[in-house]
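Biologist: I would like to go through this structure piece by piece. Please give the reasoning each time and finish on the value or name I ask for.

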Amino acid sequence: MRSITKRFPGVLANDAVDFEARHGEVHALLGENGAGKSTLASILTGLYRPDSGEIAIDGKTVEFHSPRDATEAGVSMVHQHFRLAASLTVADNIVLGYKGTPWLRTNPATIEAQVTELAKRYRMPVRPDARVWQLSVGEQQRVEILKALYRGARILILDEPTSLLTPQESEDLFETLRRMTAEGRTIVFVSHKLDELMAVSDRVTVLRAGKLIGTVNTPDTDQRALARMMIGREVVFTQAKKSHDASPETALELKDVSAQDDLGLQALHNVSLSVQHGEIVGVAGVAGNGQRQLAEAISGTRHRTAGDVVVKKRKLRSGDPEDAIVHGVAHVPEDRLGTGVSPSLSIAENLILKSHRQSPMSSRGVLRHDRIRRNARELIKRFAIAAPGPDTPTRLLSGGNVQKVVLARELSSVPVVIVAANPTRGLDVGATESVRSLLLEAAGNGVGILLISEDLDEILLLADRIAVIYEGRIVGVVARSTADVQQLGLMMAGASA
Amino acid sequence: MRIQRRLETPRWLVVAVPVASFVAAIAATAIVLLAAGKDPIATYARLFDRAFIAPGSLSNTMITATPLLLTGLAAAAAFRMRLWNIGAEGQLYLGAVGASGAGLVLRDQSAIVIIAGMIAGGLLFGAAWAVIPGLLRAYFNTNEIITTLMLNYVAGLVLTYLIFGSRSFWRDLSTFSARAFPQGKPLPAAAMWPTFDLSVVVLPFGFVLGLLAAALLWSLYRSTIFGFQARVLGDSPPAARYAGVKTRRVVVAMMALSGALAGLGGASEIGDFRHVLDPRGLQQAGLGYAGIVVAALARYNPFAVVLVAVLLGGLANAGYSLQGPEFPAGLVGVLQGMILFFALGGELLIHYRISLPRAPRSSLSPSGKGA
């Protein structure tokens with residue numbers, strides 16, 4: 001790709017970016033959110049057309065008008081959020097929309113045989129007749145990769161492929177990638193996790209603010225140097241975790257809490273857990289093992305089928321978010337833009353989302369706009385929210401700033417306990433850093449924090465104790481000082497360790 | 001041609017697009033007029049004259065606009081929080097039932113008591129009718145579009161039953177001819193709503209109530225806890241639950257409010273104009289459905305509803321008074337249809353940016369194959 005430029009209204013997403021990948025290499029594309037990685041990948045797969053610049057494959061200039069053109073030229077992408085039809089079988093998904101597929105279904109057995117053969121070759125075990133909704137996230141990813149291979153992909157782009165995987169699943173994925181490169185295929189690996197880039201890639205290209213910063217050979221560099229290229233300054237990776245005074249007082253206690261998921265299936269089984277004042281308890285687990293239901297059962301947005309949630313010795317009413325808010329439960333939900341804020345409302349309005357019923361934000365049912373604006377200006381300043389002003393619709397903010405709005409609101413309510421669900425997911429290094437230091441600061445002020453995260457590194461970095469959740473059960477609680485990554489990984493994957 | 005979703009809608013566009021849609025509708029209808037061999041400019045001049053200029057025409061326009069204003073506000077109140085109450089039609093019928101019932105019960109009281117009773121009756125009956133789908137939506141997650149629409153037919157049957165199918169309190173049974181040809185009991189003279197003569201124009205009482213309601217609705221959404229919760233709930237139901245909003249209560253209350261406004265429209269039909277419960281006239285007018293159009297054109301803004309109601313009221317009024325051999329009878333209907341068509345098309349421009357590629361490109365397929 002030569003001198004690719006792509007402009008969006010108000011943003012120069014790619015500014016004359018050159019990018020080149022060789023046969024048989026894993027080439028990592030590194031950059032913060034908004035650095036232009038996804039735009040570049042989307043141009044390479046024909047989703048966007050560049051405003052200028054050109055793409056050449058094996059020296060021949062190509063022009064992609066649609067993803068189909070790219071597929072035909074041997075370029076496929078596995079998106080971070082999978083594009084699979086959940087109710088169809090694996091085999092159906094693999095042939096779905098492919099040019100070679102006839103109008104009527106071909107003999108399923110033929111396709112299944114082909115899929116099994118492919119799966120065996122790359123050691124990606126998956127049952128071709130299984131329905132996609134029955135598969136784990138890791139298996140679904142394999143289906144996506146098989147789909148690309150079935151279409152003859154010679155260049156495969158993976159967008160943040162490990163974000164939902166366990167450490168073991170990631171290892172398996174890397175093994176598959178090595179097999180593919182051994183055959184001369186090219187892998188473009190988009191990520192902002194430095195450790196895995198170091199482990200899997202041959203070269204790394206770094207983007208920052210739409211510009212190419214440089215391409216380096218992985219063995220010639222290290223994480224610190226890459227981080228500097230990525231954000232343009234030094235980053236503190238090991239945040240100093242204050243040794244706080246272990247308070248004997250319990251801020252949050254869960255007693256045999258059970259809850260169902262949206263389909264009415266039991267998602268939490270008798271979860272008991274406690275968080276002391278000033279303590280950070282991490283809940284580690286692979287996505288979809290009851291973490292969401294756990295957070296919602298505490299914050300009252302989900303009914304409990306059994307058990308008690310006790311905050312400062314007071315039992316919270318089941319399924320009553322207002323009761324939880326009043327008694328000091330702050331919640332940083334994992335779906336920050338759809339749940340944590342009301343996206344079309346202004347920043348000022350989102351900052352009073354929970355306090356709008358109380359003085360001074362309202363009196364006798366009437367909102368006090370002057371107080372609301374003053375509150376917004378104060379919090380925007382205190383939490384360094386980058387926004388044009390308090391009246392800006394919240395959905396126009398970047399992910400990091402939306403999360404700051406959520407945290408500003410939740411922390412300014414002086415909570416007893418904070419339930420934070422994947423608080424840094426999808427955020428860039430700078431925003432991640434500030435979210436984490438806000439949580440640490442809150443813990444230093446005596447707030448109990450339940451940190452539910454699918455990012456094990458984050459939990460290891462922040463938590464005092466680590467609870468592992470698997471299929472709605474807490475399968476173990478360990479102190480950070482004695483935690484062993486391999487063992488935690490096994491527990492997260494359900495191995496009885 | 002490429003269509004991209006707009007991140008931010010400029011303020012001027014929100015005004016410019018409806019205005020441009022209106023102009024485009026006029027232009028498109030002009031083509032229809034030319035095809036029919038009429039002079040479009042002369043036709044529009046007459047239309048405008050009869051809607052707003054000719055003696056008494058503006059007052060007649062206000063009469064036509066009054067029910068549109070109230071049902072438009074009813075629709076706008078609910079639509080604003082994405083609660084699709086399309087039952088203003090039925091809620092208006094029930095409001096008319098409530099208001100005429102109250103007027104008949106209080107017939108011996110003073111005018112103030114009768115009129116207050118009629119307003120209350122209209123508000124209450126309309127609200128009660130809307131609370132049914134509101135509860136269904138809040139507790140059983142029933143699609144309110146379908147329930148409110150179906151209840152419109154039920155309400156129409158209730159009207160017909162009260163006058164044609166039974167010897168109800170509303171039916172006039174005092175004379176032989178009234179027994180042979182069913183009709184509603186006429187209301188006492190004291191139940192006639194007053195008018196406000198501003199010398200330029202005579203405003204019906206219902207229109208004044210509508211202006212008041214528009215102002216209240218605007219400040220309700222802008223400045224009250226209830227309005228704030230309704231906005232959050234309309235924008236993002238999970239965020240509303242997360243914020244501790246009692247979402248069911250808000251849904252039911254907003255349906256009640258919307259129904260009350262439509263019911264007030266029904267009360268105004270009785271008090272301002274008809275003075276009798278008239279099932280056929282009410283059902284032919286289709287005022288509730290027209291309110292949906294008004295709300296949509298006004299983009300759910302209460303003050304814009306006032307403007308749009310007057311505009312569409314003027315068109316309809318001019319259409320009635322000009323109808324005749326030399327004036328195309330369907331013209332006003334065509335023009336109204338065009339306005340709605342272009343306004344809905346204009347929505348696309350508000351939410352999406354449409355751009356044409358700067359230069360035509362060759363559509364050659366990619367040539368690179370081997371890797």
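Biologist: Which residue in β9(A) is the bridge partner of A:Ala28?

Modeller: This is a predicted model. Strand β3 (residues 26-30) of chain A is joined to strand β9 (residues 203-208) of chain A by 4 bridges, and the two run parallel. In β9(A), the residue bridged to A:Ala28 is A:Val204.

Biologist: Which residue takes a positive phi in the hairpin of β9(A) and β10(A)?

Modeller: β9(A) pairs with strand β10 (residues 211-217) of chain A in the antiparallel sense, over 6 bridges. One bridge links A:Arg208 to A:Lys211 in β10(A). The hairpin has 2 residues between the strands, and the one with a positive phi, near 50 degrees, is A:Ala209.

Biologist: How many residues of helix α1 of chain A are buried?

Modeller: Helix α1 covers residues 37-44 of chain A and is mostly covered. Its buried residues include A:Lys37, A:Ser38 and A:Thr39 as well as A:Leu40 and A:Ile43. After α1(A) comes A:Gly46, with a positive phi near 85 degrees. The buried count for the helix is 8 of 8.

Biologist: In the open sheet of 4 strands, about what angle does helix α9 of chain A make with β12(A)?

Modeller: The strand order in chain A is β12-β11-β14-β15, with antiparallel pairing. β12 (266-276) and β15 (314-315) of chain A are the edge strands, each pairing on one side only. Helix α9 (residues 291-299) of chain A packs on this sheet and touches β11, β12 and β14 (304-311) of chain A; its direction and that of β12(A) make an angle of about 65 degrees.

Biologist: Which residue of β12(A) stands opposite A:Val257?

Modeller: Strand β11 (residues 250-260) of chain A and β12(A) are antiparallel and share 7 bridges. Opposite A:Val257 in β12(A) stands A:Val271.

Biologist: Why is one side of β16 and β22 of chain A left without a neighbour in the sheet of 6 strands?

Modeller: The order of that open sheet in chain A is β16-β19-β20-β13-β21-β22, and the pairing is mixed. β16 (329-332) and β22 of chain A stand at the edges, so one side of each lacks a neighbour because each has a single partner strand.

Biologist: What is the direction of helix α15 of chain A relative to β20(A), in degrees?

Modeller: β16(A) pairs in the parallel sense with strand β19 (residues 417-421) of chain A over 4 bridges, and A:Val329 has A:Val417 as its bridge partner there. Helix α15 (residues 429-444) of chain A packs on the sheet and touches β13 (280-284), β19 and β20 (448-453) of chain A; its direction makes with that of β20(A) an angle of about 150 degrees.

Biologist: Is A:Glu471 buried or partly exposed?

Modeller: A:Glu471 sits in the loop between β21 (465-470) and β22 (473-479) of chain A. Leaving out residues up to four places away in sequence, A:Glu471 touches A:Asn289, A:Gly290 and A:Gly494. A residue counts as buried from 20 other C-beta atoms within 10 Å and as exposed at 12 or fewer. A:Glu471 has 15 other C-beta atoms within 10 Å, so the residue is partly exposed.

Biologist: Which element gives the largest share of the side of chain B that touches chain A?

Modeller: The contact takes 26 residues from chain B and 36 residues from chain A. On the chain B side, α9 (225-235) and α10 (237-242) each supply at least two residues. The residues on that side divide into 12 nonpolar, 9 polar and 5 charged. The largest share, 6 residues, comes from α9(B).

Note on methods:
Residues are numbered from 1 along each chain as its sequence is written. Chains are lettered from A and ligands numbered from 1 in the order in which they are written. This is a predicted model: local features need pLDDT of at least 70, side-chain atom pairs count only at pLDDT 80 or more; totals for chains, interfaces and linings use all residues. Two residues are in contact if their C-beta atoms, placed from the backbone, lie within 7 Å. Ala, Val, Leu, Ile, Met, Phe, Trp, Tyr, Cys and Pro count as nonpolar, Asp, Glu, Lys and Arg as charged, and the others, Gly among them, as polar. Two strands pair if DSSP finds at least two bridges between them. Axes are lines fitted to C-alpha atoms, for helices over the stretch in contact, and angles run from 0 to 180 degrees between N-to-C directions.
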